[in-house]
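Q: I am new to this structure and would like to learn how to read it. Could we go through it feature by feature?

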Amino acid sequence: MELFNVYPLFEVNIVKGKGCRVWDDKGTEYLDLYGGHAVISIGHSHPHYVEMLTRQLHKLGFYSNSVINKMQQEFADKLGAISDYDDYNLFLVNSGAEANENALKLASFYNNRKRVIAFSKSFHGRTSAAARVTDNPMYTAPFSEGLDVTFLTLNDVDAVHAELSKGDVCAVIIEGIQGVGGIQLPTIEFFRQLRNACNQNDTVLILDEVQSGYGRSGRFFAHQYSGIRPDIITMAKGIGNGFPMSGLLINSMFEAVHGQLGTTFGGNHLACAAAIAVLDVIKEEALMENAAQVGAYLKAEIAAIPKIKEVRGRGMMIGIELDQPVKEIRTKLLYKEKVFTGVSGTHVIRLLPPLCLSMDEADIFLDRFKRVFN
Ligand SMILES: Cc1ncc(COP(=O)(O)O)c(C=O)c1O
């Protein structure tokens with residue numbers, strides 16, 4: 001059987017990881033400034049994570065959501081404390097798209113409306129509603145084209161007020177920091193105006209923190225730099241450090257109805273073991289503080305390199321925009337300098353390292369990047 005060929009692949013077979021390093025099947029070491037697409041939060045194969053998952057696997061790998069799973073509550077308690085959202089409710093699912101799909105459903109059940117506002121350059125996943133609110137028609141199949149979505153320019157406060165005042169908008173969905181769109185930041189003022197406009201028009205505000213959340217920005221959620229509190233927050237990627245898991249933080253204004261939302265795998269025992277281990281390590285090793293500190297250093301050093309057009313981002317979510325296409329630079333970084341990075345579109349290199357990247361590792365990256373770029 002052949003694999004369904006939807007991914008363009010690099011000719012590298014990664015078989016081992018430790019911290020911010022990975023190794024291929026020939027024993028070559030790579031520096032990981034990509035984190036498997038922002039997924040690796042606490043570093044590859046962290047000993048506490050390995051131990052928690054191994055121990056859990058020896059006890060119980062899975063049982064369904066029809067029985068009590070005390071690990072879900074333990075996780076919710078730790079998550080509430082570290083995120084400052086202790087007064088919200090937690091619903092666990094399996095992927096970023098699934099979290100957004102559920103957030104949009106919940107919003108529509110809540111106010112009985114259909115129209116959704118999303119933003120230019122947005123990415124929210126590839127399932128039907130998540131793809132429809134993504135600003136790329138290539139991901140939307142004809143059967144979900146009918147979903148009523150209006151795209152507005154990011155940071156255009158007037159456009160938000162004009163659309164929401166029509167009174168028919170179910171929800172606004174926005175990323176804490178746009179990832180796939182090239183590390184574009186909603187301004188603090190925009191977040192605040194958006195929150196006000198949603199309040200005034202009974203519109204649900206959904207913050208997609210799938211990529212920008214979980215400490216990546218230097219705060220637990222990127223929107224927390226603005227001080228606003230959304231109605232629903234979605235999170236995934238860093239939550240399980242590679243174990244497939246995602247979740248929604250849900251304001252208490254939403255009523256939980258038995259059977260309305262559900263999932264077979266969401267919040268299973270192994271996933272909870274992974275997620276609890278991740279939060280333990282983020283706290284113990286002060287990884288949010290590290291992300292803020294090392295990320296600020298990286299940003300400043302990159303901005304000082306001549307011929308860089310712009311550096312954007314917060315913490316360990318950095319976009320380097322160049323005047324030239326970045327494909328060749330990224331390829332050289334990987335094959336010659338043994339550094340994994342990401343891209344956005346054609347002109348932006350995206351750095352999404354594990355939150356534990358050290359200053360020394362940042363310096364190694366900077367040396368290698370300068371060698372390729374100059
Ligand atoms: C902001 C954002 N939302 C949603 C998703 C979709 O997540 P998943 O691929 O886990 O469905 C992504 C994935 O890159 C993302 O960056």
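A: Happily! Let us start with a single residue: lysine 307 is exposed, with 9 other C-beta atoms within 10 Å. Keep in mind as we go that this is a predicted model.

Q: Why does lysine 307 count as exposed?

A: A residue is called exposed if 12 or fewer other C-beta atoms lie within 10 Å of its own. Lysine 307 has 9 such atoms, so it is exposed. You will find lysine 307 in the loop between H9 and E11.

Q: What is the sign of phi at lysine 307?

A: First the general idea: most residues other than glycine have a negative phi. Lysine 307 has a positive phi, near 75 degrees, and is not a glycine. Aspartate 84 is another residue other than glycine with a positive value, its phi being near 70 degrees.

Q: Where is aspartate 84, and is it exposed or partly exposed?

A: Look in the loop between H3 and strand E4 (89-93) for aspartate 84. Because 13 other C-beta atoms lie within 10 Å, aspartate 84 is partly exposed. For a further exposed residue, turn to lysine 327, which has 12 C-beta neighbours inside 10 Å. Lysine 327 belongs to helix H10 (residues 327-335). Its C-alpha atom is 8.1 Å from that of valine 343, and the two residues are 16 apart in sequence.

Q: Now to strands. How do E1 and E2 run relative to each other, and how many bridges join them?

A: In general, strands of a sheet pair through backbone hydrogen bonds, either parallel or antiparallel. Strand E1 (residues 14-18) and strand E2 (residues 21-24) are antiparallel and joined by 4 bridges. To see the register, find lysine 16, which stands opposite tryptophan 23 in E2. The two strands form a hairpin with 2 residues between them, and glycine 19 in the turn has a positive phi of about 60 degrees.

Q: Which strand does E2 join through 3 bridges?

A: That is strand E3 (residues 29-32), which runs antiparallel to E2. Here arginine 21 has leucine 31 of E3 as its bridge partner. The hairpin of E2 and E3 has 4 residues between the strands, and glycine 27 in it takes a positive phi near 90 degrees.

Q: What is the order of strands in the open sheet?

A: The order is E1-E2-E3-E13, an open sheet of 4 strands with mixed pairing. E1 and strand E13 (339-340) are the edge strands, each pairing on one side only. The parallel pair is E3 with E13, over 2 bridges. There, aspartate 32 has phenylalanine 340 in E13 as its bridge partner.

Q: How can I check the length of helix H8 against its number of residues?

A: Use 1.5 Å a residue as your guide: the 16 residues of H8 (residues 269-284) should span 22 Å, and the end C-alpha atoms are 22 Å apart, which agrees. After H8 comes alanine 286, with a positive phi near 45 degrees.

Q: How many residues of H8 are buried, and which ones are they?

A: Of its 16 residues, 12 are buried, so H8 is mostly covered; the cut-off for buried is 20 or more other C-beta atoms within 10 Å. The buried residues include Leu270, Cys272, Ile276, Leu279 and Ile282. Among the elements covering them are helix H2 (47-59), helix H3 (70-83) and helix H9 (287-303).

Q: Into which domains is the protein divided?

A: There is domain 1 (14-46 + 285-373) and there is domain 2 (48-284). Their C-alpha centres lie 25 Å apart. Between them, 27 residues of domain 1 are in contact with 28 residues of domain 2. On the side of domain 1 that touches domain 2, H9 gives the most, with 5 residues. By class, that side has 13 nonpolar, 10 polar and 4 charged residues.

Q: Which residues come nearest to the ligand?

A: Gly96, Ala97, Gly125, Val210 and Gln211 come nearest, out of the 14 residues around the ligand. Helix H4 (residues 96-111) gives the most to this shell, with 3 residues. The shell divides into 5 nonpolar, 7 polar and 2 charged residues.

Methods: Residues are numbered from 1 along each chain as its sequence is written. This is a predicted model: local features need pLDDT of at least 70, side-chain atom pairs count only at pLDDT 80 or more; totals for chains, interfaces and linings use all residues. The expected span of a helix is 1.5 Å times one less than its number of residues. Two residues are in contact if their C-beta atoms, placed from the backbone, lie within 7 Å. A residue is near a molecule or strand if its C-beta atom, placed from the backbone, lies within 6 Å of it. Ala, Val, Leu, Ile, Met, Phe, Trp, Tyr, Cys and Pro count as nonpolar, Asp, Glu, Lys and Arg as charged, and the others, Gly among them, as polar. Two strands pair if DSSP finds at least two bridges between them. Domain bounds come from an automatic or database domain assignment.
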